[in-house]
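User: I am new to this structure and would like to learn how to read it. Could you guide me through its features step by step?

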Amino acid sequence: MQETRIPDIHIPEPERFRSQAYLDVLDKNSSEQTCQIETTAISAMHASAERHYPLEACGLLIGRMQTGVWHIDEAREVPNLNSERAADRFILDPDAYRKTDRELVGSGREIIGIYHSHPDCPAKPSPTDLSAAWDGFAYIIVSTCNGAAADTRCWALNASGDRFQQIDLQDSQTRGD
Ligand SMILES: [Zn+2]
């Protein structure tokens, strides 16, 4: 579902997304890695993104990481602590992170990524997203337009850790596993 978008929805692209600073965030080389996500997790993430529109929603992506493939089975919303700039920045609640992390100990599942929404902006990472990114994590961005999820893309840091590479996002149900 890489590049998926609902037809006829125009996703605005503010000028800054065409600036060099934004272009420098993206690695043009394609990644060998894939991200498989359960339909229920996609639905939860989209509902969360739509509920918070026109503000940014954020949450944890939970599942298993196996040989370069992220298997996400749950998207769990957590509070965005950035009330001042909640339209274009998110600060994921560290207490919610720690609580979930503790809860998952011994379960075989762990936090393997983070999602957030981009209200009326492309599902592409910003320089701020890059500066906050962790190695080995999957970053899913949901573009919300007029209150509806319009595009969903997955990103991860490249091998040198200086740019985001787009990761092929696959619905695990449609693959039959
Ligand atoms: Zn962002």
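Analyst: Let us begin with burial. This is a predicted model. Strand 6 is mostly covered, since 8 of its 10 residues are buried.

User: How much of the protein chain is buried overall?

Analyst: Buried residues account for 32% of the 177 residues in the protein chain.

User: Which strands pair with strand 6, and in what sense?

Analyst: The general idea is that strands of a sheet pair through backbone hydrogen bonds, in either a parallel or an antiparallel sense. In this structure, strand 5 and strand 6 pair in the antiparallel sense over 7 bridges. Threonine 144 stands opposite alanine 149 in strand 6. Strand 6 is also joined to strand 7 by 4 bridges, and these two run antiparallel. Here leucine 157 stands opposite phenylalanine 164 of strand 7, and the bridge partner of alanine 156 in strand 7 is glutamine 165.

User: What links the strands of these pairs?

Analyst: Each pair forms a hairpin. Between strand 5 and strand 6 there are 2 residues, and asparagine 146 in the turn has a positive phi of about 50 degrees. Between strand 6 and strand 7 there are 6 residues, and glycine 161 in that turn has a positive phi of about 75 degrees.

User: Is asparagine 146 buried or exposed?

Analyst: The cut-off needed here is that a residue counts as exposed if 12 or fewer other C-beta atoms lie within 10 Å of its own. Asparagine 146 has 11 other C-beta atoms within 10 Å, and is therefore exposed.

User: Which residue in the loop between strand 2 and strand 3 has a positive phi although it is not a glycine?

Analyst: That residue is threonine 67, which lies in the loop between strand 2 and strand 3 and has a positive phi of about 35 degrees. Threonine 67 counts as exposed because it has 5 C-beta neighbours inside 10 Å.

User: Where is there a cis peptide bond?

Analyst: The peptide bond from tyrosine 53 to proline 54 is cis, with omega near 10 degrees. Proline 54 is found in the loop between helix 2 and strand 2.

User: How should I read the arrangement of the strands as a whole, and in what order do they close into a barrel?

Analyst: One follows the pairing from strand to strand. Here 7 strands close into a barrel in the order 1-3-2-4-5-6-7, and the pairing is mixed. From one strand to the next, the twist averages 35 degrees. Helix 2 (residues 39-52) packs on the sheet, where it touches strand 1, strand 2, strand 3, strand 4, strand 5, strand 6 and strand 7. The direction of helix 2 makes about 35 degrees with that of strand 3. Helix 3 (residues 94-104) also packs on the sheet, touching strand 2, strand 3 and strand 4. The direction of helix 3 makes about 145 degrees with that of strand 4.

User: Which pairings illustrate the parallel and the antiparallel sense?

Analyst: Strand 1 and strand 7 run parallel and are joined by 4 bridges; cysteine 35 stands opposite leucine 169 of strand 7. Strand 2 (residues 58-66) and strand 4 (residues 110-119) run antiparallel and are joined by 6 bridges. Isoleucine 62 stands opposite isoleucine 111 in strand 4.

User: Which residues have the most contacts inside the largest nonpolar core?

Analyst: In general, the side chains of a regular strand alternate between the two faces of the sheet. In this model, the largest nonpolar core has 34 residues, and those with the most contacts inside it are Leu61, Ala138 and Ile140. The elements that give two or more residues to this core are helix 2 together with strand 1, strand 2, strand 3, strand 4, strand 5, strand 6 and strand 7. Leaving aside residues up to four places away in sequence, leucine 61 touches Ile72, Ala75, Ile112, Gly113, Ile114, Tyr115, Ala138 and Ile140.

User: How many helices and strands are there, and how does the overall extent of the chain read?

Analyst: The protein chain has 5 helices and 7 strands, and from the N terminus on its elements run α-β-α-β-β-α-β-α-β-β-β-α. Its C-alpha atoms fill a box of roughly 45 × 35 × 30 Å along the principal axes. A compact globule of 177 residues would have a radius of gyration near 16 Å, so the 15 Å of the protein chain agrees with that expectation. Among contacts with a separation of 6 or more, 67% join residues 24 or more positions apart.

Note on methods
Residues numbered from 1 in each chain as written. Predicted model: local features only at pLDDT ≥ 70, side-chain atom pairs only at ≥ 80, totals over all residues. Pairing = 2+ DSSP bridges. Axes fitted to C-alpha atoms, helices over the stretch in contact; angles between N-to-C directions. Contact = placed C-beta atoms within 7 Å. Core = buried A, V, L, I, M, F, W, Y, C linked by C-beta atoms within 7 Å. Buried ≥ 20, exposed ≤ 12 C-beta atoms within 10 Å, placed from the backbone. Rg over C-alpha atoms; globule rule 2.2 N^0.38 Å.
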